[in-house]
Amino acid sequence: MFTRTLKKLATVATAMALFTSGVHAADVIKIGAIAPKTGGLAGGAVVTQWPNVELWVNQVNARGGLDVGGKMMQIELIEYDDKTNPGEHIKLAQRLATQDKVDFIVAPYGTGFNIATAPIYGKFGYPMIAVSAITDKMEELTQRYPNLFFTLGTTTAFVQGVTEILVEQRAAGTIGNEVAMVNVADAFGIELADRARELFAAEGFDIVYDKSYPLGTPDLSPVMKGAKESGAKAFIAWSYPPDSFGLAEQAIIEDLDVNVYYSAVATSFPAFSGVYGSKINNVLGAGGTNVDDPAIAAYRAAHSEITGKTADYWASANTYAALQILEQAIVGAATLDRDTVTQYIKDNSFDTVMGDLSFKNNFSDTFWSVGQWQDGVFRGVKGSNVEGAVNVRLKDGWK
Amino acid sequence: MQIIDILISGLLLSGTYALVAMGLNLQYGVARIMNLANGEVLVFGSLAAFWLYTSSQISPLLTILIVIPISFVGNLLIYNLLLAPLVRRSKSRGALEVDSILATFGMSFILIGIMISIEGGFFAYKYLSEPIQILGSTTSLSRLVAFLIATLIALVLYLWLNKTRSGVAVRAVSVSTEAAGLVGINVPRISAFAFAIGGAITAVGGALISTFITLDASIGVVFTLKALIIVIMGGVGEIRGAIIAAIILGIVETTVATLVDPGLTLAAAYFIFVLILLFRPQGLFGRRNA
């Protein structure tokens with residue numbers, strides 16, 4: 001008697017489970033996103049990564065969802081905090097794939113994280129459109145992980161952009177051969193500085209001050225004093241978020257007398273201008289955007305409206321574009337089959353806020369490399385296959 | 001010229017380090033709580049300063065006056081609710097250390113979570129970052145102000161601990177809880193008080209530091225580590241030791257950054273730390289077998 005009831009119950013439960021999961025699968029597409037909300041990279045991820053995921057999911061669902069082979073599917077977002085810890089990220093990625101069974105994923109935030117998680121996402125066949133990942137090892141990586149795509153440029157391209165500016169300014173007579181260069185002693189800063197030493201030397205520049213400092217250095221004044229002492233008219237810093245702020249602060253304090261001032265990541269953050277206002281006018285930084293482009297302008301307006309935050313002037317647009325690529329590939333391939341979607345990304349071109357993007361050897365060659373704060377807007381001055389670059393202006397004091 | 005630069009920058013950096021470590025020194029030395037959430041309490045002070053400044057233009061120097069009572073009461077509650085039970089049931093100092101490390105480590109995540117829900121990005125703002133000249137060396141007004149307040153706190157703390165009756169009671173507890181109890185000192189109350197004062201000093205330090213360092217909710221652990229080094233270098237429960245250790249660290253890091261390479265500052269700091277552990281394991285001012 002008891003056994004029979006139990007069996008009956010089990011049947012009902014199974015039927016219900018089948019039914020509900022059936023309904024579920026019909027109109028929901030699960031997207032997983034893992035990125036830092038805490039830890040060292042959180043400050044950057046909450047500016048560049050998370051708001052764009054929020055914006056995209058919001059917009060797609062407001063449109064009624066994704067049209068997958070004639071069926072409208074709403075996005076269900078599953079998000080986790082990797083605590084800026086690659087081990088944690090890999091654990092969570094495993095969970096996304098095996099327990100949450102997400103259909104697709106948003107690529108991680110940070111170069112190291114994209115490289116560290118490529119094997120696990122590759123194992124489950126997720127197409128991975130990396131944005132916040134800059135390296136010269138793309139060819140090697142994409143050969144090993146055919147599901148991995150890069151969209152924000154290479155280390156060399158970033159250094160190249162800065163080198164071009166230095167060469168132009170030397171020709172114009174505003175700087176000499178001397179360059180002061182500092183870098184954060186972290187994989188990212190070291191790789192960029194190494195490349196810069198080669199490229200600067202090849203153009204005949206003399207790096208008269210060349211120092212690194214540890215991540216999270218509480219006092220950058222010795223660094224800035226040293227750079228000032230060197231007398232170079234060009235200052236280049238391969239820096240990370242907290243120190244990009246710290247270096248600018250010290251440059252203001254020391255009244256660093258240069259015509260070219262460049263700091264890397266976070267220079268393009270709205271907060272950078274929010275804090276220092278007109279004092280950082282004509283500061284150069286990694287990234288850039290063309291705010292006059294109608295697509296970018298519309299994107300930035302939607303970003304502010306839906307997330308309540310101003311998009312940064314660099315990778316925000318690329319991050320959104322990567323999500324648009326994923327969206328268009330799913331719709332275009334008309335399936336949730338990950339291999340088909342990955343192949344679709346390789347074979348097609350996509351209409352995004354960054355313009356028409358397509359991949360050659362899993363690499364999209366459309367990106368900004370250097371931008372400059374010009375009267376409250378960070379505008380692109382150097383880039384690859386992008387339109388609307390403005391002329392570089394000289395840094396003229398810190399008032 | 002360079003020597004003046006090193007001395008001025010180094011001393012100002014020492015002020016920052018003293019602000020980071022004085023609170024932990026009281027908490028660890030007197031209340032015997034190895035507070036791993038020390039950095040988070042500091043960042044809380046920064047968040048308060050940032051938040052009040054950007055939302056209602058309240059000067060961080062005024063924020064301090066708000067931060068002191070709030071962090072004092074907050075830390076008192078944390079001690080009484082979360083840590084006092086651990087103190088009561090611990091059989092030895094070692095057991096209490098392990099328990100308090102685990103409890104405060106957990107607490108640090110809760111604090112980070114709360115702070116992230118308030119502000120997930122950088123606490124970026126600017127206050128008093130005007131250049132000033134001291135003996136021909138350029139520095140920022142905000143660092144000088146932080147240094148002066150750090151000096152004031154250290155002085156008041158020193159006088160209180162050494163010249164007042166309640167200060168003597170605090171020092172007695174730091175030397176021996178059993179003996180202090182035997183002579184009629186209310187050990188649990190003094191411990192709670194020391195823990196709360198320590199927390200308040202740390203939070204004030206955070207508010208001051210945020211005027212010249214851009215922090216975010218997750219950066220606390222960096223400060224906890226620095227504070228640990230300074231407290232252990234100086235000698236547990238010794239304010240003088242913490243201050244001397246902060247000065248040594250500040251001057252050495254600045255010297256190395258200026259004359260050798262800024263990349264070696266951390267290495268230099270840990271090198272000195274190791275030297276002190278090797279040759280004076282009880283810390284500069286610490287008592288043997290304490």
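Colleague: Which strands does helix α8 of chain A lie across?
Modeller: This is a predicted model, to start with. In it, α8 (residues 187-202) of chain A lies across β7, β8 and β9 of chain A.

Colleague: And at what angle to β7(A) does it run?
Modeller: At about 160° to β7(A).

Colleague: OK, the strands underneath. In what sense do β7 and β9 of chain A pair, parallel or antiparallel?
Modeller: Parallel, over 4 bridges, with β7 covering residues 178-184 and β9 covering residues 234-238 of chain A. One pair to look up: Met181(A) has Ile236(A) in β9(A) as its bridge partner.

Colleague: What's the strand order in the whole sheet?
Modeller: β8-β7-β9-β10-β11-β14-β15 in chain A, so to speak an open sheet of 7 strands with mixed pairing.

Colleague: Which strands stand at the edges?
Modeller: β8 and β15 (377-384) of chain A. Each has a single partner strand, so one side of each has no neighbour in the sheet. The twist averages 20° from one strand to the next.

Colleague: Switching to domains. How is chain A divided?
Modeller: The domain assignment gives domain 1 as 2-154 + 293-368 and domain 2 as 155-291 + 370-384. Their C-alpha centres lie 32 Å apart.

Colleague: How many residues does each domain put into the contact?
Modeller: 24 from domain 1 and 23 from domain 2 of chain A. On the domain 1 side, the elements giving two or more residues are α2, α5 (111-123), α12 (294-307), α13 (315-333) and β14 (367-374) of chain A. That side divides into 10 nonpolar, 9 polar and 5 charged residues.

Colleague: Now the other chain. How many residues do A and B each bring to their contact?
Modeller: Chain A brings 35 and chain B brings 32. On the chain A side, elements with two or more residues there include α2 (42-48), β8 (206-213) and α9 (221-230).

Colleague: Which element of chain A gives the largest share?
Modeller: α10(A), with 8 residues. The chain A side as a whole splits into 17 nonpolar, 11 polar and 7 charged.

Colleague: And chain B by itself, what's in it?
Modeller: 11 helices and 4 strands. Its radius of gyration is 19 Å, close to the 19 Å from the globule rule for 290 residues, so chain B is as compact as a globular protein of that length. The C-alpha trace spans about 55 × 45 × 35 Å along its principal axes.

Colleague: What percentage of chain B is buried?
Modeller: 54% of the 290 residues. As for contacts in chain B with a separation of 6 or more, 77% are between residues 24 or more positions apart.

Note on methods
Residues are numbered from 1 along each chain as its sequence is written. Chains are lettered from A and ligands numbered from 1 in the order in which they are written. This is a predicted model: local features need pLDDT of at least 70, side-chain atom pairs count only at pLDDT 80 or more; totals for chains, interfaces and linings use all residues. The radius of gyration is taken over C-alpha atoms; the globule rule is 2.2 Å times the number of residues to the power 0.38. A residue is buried if 20 or more other C-beta atoms lie within 10 Å of its own, exposed if 12 or fewer, and partly exposed in between; C-beta atoms are placed from the backbone. Two residues are in contact if their C-beta atoms, placed from the backbone, lie within 7 Å. Ala, Val, Leu, Ile, Met, Phe, Trp, Tyr, Cys and Pro count as nonpolar, Asp, Glu, Lys and Arg as charged, and the others, Gly among them, as polar. Domain bounds come from an automatic or database domain assignment. Two strands pair if DSSP finds at least two bridges between them. Axes are lines fitted to C-alpha atoms, for helices over the stretch in contact, and angles run from 0 to 180 degrees between N-to-C directions.
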